[in-house]
Amino acid sequence: ASIIDGILLSGSPFLRYRHNDYDQLERLVQKNACQYETIIILTESIFSMDGDVADLNRLIAIKRQYPNILLYVDEAHAIGARGKTGLGIAEEQGCIQEIDLLVGTFGKALASMGAYLVCSRTIREYLVNTMRPLIFSTALPPFQIAWTSFIWERLPSLTKERENLLAYSRLLAEALTGKGGEISQSHIIPFIVGESEDCVRKAEELQRKGFYCLPVRPPTVPKGTSRIRFSLTANLTIKNIHQLIVETGHASSPTGARPVSTPPDRELDR
């Protein structure tokens, strides 16, 4: 939604390609590359509804074929949670230097507010002088900046938390195979219920049992795919995940397998 709003604010013409359909994207680029001075390919790295992950290196390969293409990657759901030092999917896939506009938020894993853009100095100066939402917004208070900096500097040291989060995610995703778990490649895991009313009832049932989860319904997702969107954190325990699996009605996974690196059944140090 934020990407679409940003495009509309820019006034630029745009085309949408099917989700992660890079062949279709390549055809669109071939058709339109000569018509514009600059084309920007935009993508999330971790997608917010299904938790699947973009193939950034495939996008870079498309970009390299044309001199007038820039690549914009939104790491909102990946920053802090993925990558060796917590710098997201671009770090994990080894392509940070190839991305022209790298966007992230401080409002998710970093537990703060605001966002950032990593870009060239030319683009930075252009945006500082022309971007109305920035120009006419109140600056973040100094204590907020200090908190963000405090957390940012500690991202590289949170390796164990990221490993635990990955193990929890694999455990839940495997249990929900066939109900959306097989789609996810991250800590965002959909539990596809189907009809909107059934999804609301299931969410309310899980809330009564102590799980904070919300239903996601059309038009946010296609009709018939209403789901509960689980967004896991590293402060959970294996016991929490097993309880959740039981309450979703998927007490045993199809393979019966467990994650390779199952974390201990205890609360993690913050």
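Is the crossing of H2 and H3 left-handed or right-handed? In this predicted model, the crossing of H2 and H3 is right-handed.

**Two helix pairs**

Let's stay with that pair for a moment. H2 and H3 pack at about 20° with their axes 11 Å apart, and since angles under 35 degrees count as roughly parallel, the two helices are therefore roughly parallel to each other. On the H2 side, Tyr-22, Asp-23, Leu-25, Glu-26 and Val-29 make the contact, and H3 answers with Arg-58, Leu-59 and Ile-62. Sorted by type, the residues of this contact come out as five nonpolar, three charged and no polar.

Further along the chain sits another pair, helix H8 (residues 159-175) and helix H10 (residues 238-247), which pack at an angle of about 15° with axes 10 Å apart. H8 and H10 are therefore roughly parallel to each other, and their crossing is right-handed. The contact draws on Tyr-168, Leu-171, Leu-172 and Ala-175 from H8, and on Ile-238, Ile-241, His-242, Leu-244 and Ile-245 from H10. Here the split is eight nonpolar, one polar and no charged.

Here are the two pairs, laid out for reference:

| Helix pair | Angle | Axis separation |
|---|---|---|
| H2 and H3 | about 20° | 11 Å |
| H8 and H10 | about 15° | 10 Å |

**The cores**

Back to H2, with an eye on what it hides. Its buried residues are Tyr-22, Gln-24, Leu-25, Glu-26, Val-29 and Asn-32, and they pack against S1, H3 and S2. Those partners turn up again in the largest nonpolar core: H2, strand S1 (39-44), helix H3 (56-64), strand S2 (69-74) and helix H4 (89-92) each supply at least two of its residues. H3 gives the largest share, four residues.

Which members of this core touch the most others? Out of 26 residues, that group is Leu-25, Val-29, Ile-41, Leu-56, Leu-59, Leu-71 and Ile-99. Take Leu-71 as an example: setting aside residues up to four places away in sequence, Leu-71 touches Ile-41, Leu-59, Ile-60, Lys-63, Ile-99, Asp-100 and Leu-101. There is also a second, separate core of 23 residues, with Leu-165, Ala-175, Ile-228 and Leu-232 among them. Ala-175 is a name we met before, as one of the H8 residues in the contact with H10.

**Contacts across the sequence**

Ile-3 lies in helix H1, and it reaches a good way along the chain. The C-alpha atoms of Ile-3 and Asp-74 are 8.5 Å apart, with their positions 71 residues apart along the chain. Neighbours within four places aside, Ile-3 is in contact with Leu-42, Thr-43, Glu-44, Tyr-72 and Asp-74.

Cys-199, found in helix H9 (residues 196-208), is worth a look too. How far apart in space are Cys-199 and Arg-217, C-alpha to C-alpha? The distance is 8.0 Å, for a sequence separation of 18 residues. Cys-199 has a relative accessible area of 0%, so it is buried. Beyond its neighbours within four places in sequence, Cys-199 is in contact with Val-193, Pro-215, Val-216, Ser-226, Arg-227 and Ile-228. One of these, Ile-228, belongs to the second core.

**Backbone oddities in the loops**

Most residues other than glycine have a negative phi, and most peptide bonds are trans. A few spots in this model go the other way.

Asn-20 sits in the loop between helix H1 (2-10) and helix H2 (22-32), with phi near 55°. Asn-20 counts as partly exposed because its relative accessibility is 22%. Ala-111 also has a positive phi, near 55°, and is placed in the loop between strand S3 (101-105) and strand S4 (115-118). At 53% relative accessibility, Ala-111 counts as exposed.

Is Ser-112, in the loop between S3 and S4, buried or exposed? At 13% relative accessibility, Ser-112 falls under the 20% cut-off and so counts as buried. Apart from residues up to four places away, Ser-112 touches Phe-106, Gly-107, Gln-144, Trp-147 and Thr-148.

Lastly, the peptide bond from Pro-218 to Pro-219 is cis, with omega near 10°. Pro-219 lies in the loop between strand S6 (215-216) and strand S7 (226-231).

Definitions and conventions:
Residues are numbered from 1 along each chain as its sequence is written. This is a predicted model: local features need pLDDT of at least 70, side-chain atom pairs count only at pLDDT 80 or more; totals for chains, interfaces and linings use all residues. Side-chain values use heavy atoms; hydrogens and water are left out. Buried means under 20% relative accessible area, exposed over 50%, partly exposed in between (1.4 Å probe, protein chains only). Axes are lines fitted to C-alpha atoms, for helices over the stretch in contact, and angles run from 0 to 180 degrees between N-to-C directions. Angles under 35 degrees count as roughly parallel, over 145 as roughly antiparallel, 65 to 115 as roughly perpendicular and the rest as oblique. A crossing is left-handed if the near helix is turned anticlockwise from the far one by less than a right angle, and right-handed if clockwise. Contact means heavy atoms within 4.5 Å. Ala, Val, Leu, Ile, Met, Phe, Trp, Tyr, Cys and Pro count as nonpolar, Asp, Glu, Lys and Arg as charged, and the others, Gly among them, as polar. A nonpolar core is a set of buried Ala, Val, Leu, Ile, Met, Phe, Trp, Tyr and Cys residues joined through side-chain atoms within 4.5 Å.
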